[in-house]
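Hi everyone, thanks for coming along. Today I'd like to walk you through one structure, a few spots at a time. Have it open in front of you and follow along.

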Amino acid sequence: MGPEGNIHRANMMRAIDLALMGDVGGWQIGAVLAHADGSVIATGYRGEPGSKIHAEALAVQKAQIAQCDLRGATAYVTLEPCANLESKNKKDCSTLLAEAGVRRVFIGSYDRNPRIYRLGWRSLRDAGVELRDFPPDLRAQAQSLGPDRQADFRERKGREKGRVKFDYTQNGGRYDIRLGERDDAPTWTTKWGQRGAKSIYALGGVKGVVAEARFARSFAEIDDPDVFDFGSHFAPIKEGEIAVFRNEYGHLLVKVLEVHAGPDRGTEHFSLKFEYEIRLAGQVKD
């Protein structure tokens, strides 16, 4: 790593250290604004005393109060800057950075919430800002600054029944349901593929893994999940319909509640919301 790389790394590490100073629940976030030579212009972190604004917004505000020119500056942020805020009374951090003239942004991690994931990156890209990622070791540190519930967008543990929502275009469309907290607990892997605005493909990979519970509209209507046709490796499922995933542990019943398929649904994100119920092998329905 050359001198410039060392400067970038030092500012990324500083952003991480700043983030660790905040303790307000949820993401710990740090931001550093620097000149092209690496000298720091301003910093901010979520939960900084006396401030209720985002880390990047705070750093920009400090620079502007000090009458520092941010044109051509580089930003180092532990979490991608926000975009498309619902509030009409303030600008999102992506817009603030771009309008201030920031030329380049290094991003440490991305929020796995399907309503947020990569929107900030796209907003900055469309504004002509150069985008870089933290190196792998610092990305791991930045990701650890997120709340434990980030894992909820990839798997659910310890519940026989529940509801989940995740981006089915990420992680190969995979979402795991684990009966216990241990890694060796009974686990069902669900996989999904895009089909349409109000429907989705439940994917098994091989025959006998997934089936459509045809005409069933509630889990209570399903007596023995083995009666369904498991003759295909996929099942088309509309909103309100039920897919059945089968493995050596038993069955996972999944009712699709909402399918957001990007522009087809008038939204900027892709997500699947479903509720589920586990039926262990040999378990009799109440």
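**A walk through the model**

Let's begin with a pair of strands: strand S10 (residues 199-203) pairs with S12 in the antiparallel sense, over five bridges. Before we go on, please keep in mind that this is a predicted model. If you want one place to look, find Ile200, whose bridge partner in S12 is Ile237.

Now stay with strand S12, which covers residues 234-238. Which of its side chains point to one face, and which to the other? Ala235 and Ile237 point to one face and are buried. Phe234, Pro236 and Lys238 point to the other face, and they are not buried. So the side chains alternate as you walk along the strand, and Ile237, the bridge partner of Ile200, is on the buried face.

Next, please find Thr190, in strand S9 (residues 187-196). Is Thr190 buried or exposed? Thr190 is buried, with a relative accessible area of 0%. Its side chain has polar company, though. A polar atom of the Thr190 side chain lies 2.8 Å from the backbone oxygen of Tyr175. The Thr190 side chain also makes a polar contact, again listed at 2.8 Å, with the side chain of Trp192. What else is Thr190 in contact with, if we leave aside neighbours within four places in sequence? The answer is Gly173, Arg174, Tyr175, Asp176, Phe245 and Leu252.

Two of those names, Arg174 and Asp176, bring us to charged pairs. Arg174 forms a salt bridge with Asp176, and the closest N and O atoms are 2.9 Å apart. The partners sit in unlike surroundings: Arg174 is partly exposed at 36% relative accessible area, whereas Asp176 is buried at 8%.

Compare that with Arg182 and Asp184, which form a salt bridge with the closest N and O atoms 2.8 Å apart. Here Arg182 is exposed, with a relative accessible area of 59%, and Asp184 is exposed too, at 52%.

How many salt bridges are there in the model? The count comes to 17. Another of them joins the side chains of Glu48 and Lys62, at 2.7 Å from N to O. Glu48 lies in the loop between strand S2 (40-45) and helix H2 (55-65), while Lys62 is in helix H2 itself, so this pair ties together parts that are 14 residues apart in sequence. Glu48 is buried, with a relative accessible area of 15%, and Lys62 is partly exposed, with 30%. Salt bridges can also link up into a network, as they do for Arg103, Arg104, Glu130 and Arg132.

Here is an arginine to look at for its polar contacts. Arg279 is in strand S15 (residues 270-280). Is Arg279 buried or exposed? Arg279 counts as buried, at 4% relative accessibility. What does its side chain meet there? One polar atom of the Arg279 side chain lies 3.0 Å from the backbone oxygen of Ile222. A polar contact of 2.7 Å also joins the side chains of Arg279 and Glu277.

Now for the cysteines. How many disulfides does the model have? The count comes to zero. Cys68 is in no disulfide, and the nearest cysteine sulfur, that of Cys93, is 18 Å away. Cys68 counts as partly exposed, at 31% relative accessibility.

Why does Cys93 have no bond to Cys82? The closest cysteine sulfur to that of Cys93 is in Cys82, 3.7 Å away, which is too far for a bond, because the two sulfur atoms of a disulfide must be within 2.5 Å. Cys93 counts as buried, at 2% relative accessibility.

Our last stop is Ala127, in the loop between helix H4 (119-126) and strand S5 (130-133). Ala127 counts as partly exposed, at 48% relative accessibility. How far apart are Ala127 and Gly204 in sequence and in space? They are 77 residues apart in sequence and 41 Å apart in space, from C-alpha to C-alpha.

Let me leave you with two things to find again on your own screen. One is Thr190, buried in strand S9. The other is the alternating pattern along strand S12, with Ala235 and Ile237 pointing to the buried face. Thanks for listening!

Note on methods
Residues numbered from 1 in each chain as written. Predicted model: local features only at pLDDT ≥ 70, side-chain atom pairs only at ≥ 80, totals over all residues. Heavy atoms only, no water. Buried < 20%, exposed > 50% of the residue type's maximum accessible area, 1.4 Å probe, protein only. Helix = DSSP H or I, 4+ residues; strand = E, 2+ residues; numbered from the N terminus. Salt bridge = Lys/Arg side-chain N within 4 Å of Asp/Glu carboxyl O. Polar contact = N/O pair within 3.5 Å; in protein donor to acceptor, adjacent residues only side chain to side chain. Pairing = 2+ DSSP bridges. Contact = heavy atoms within 4.5 Å.
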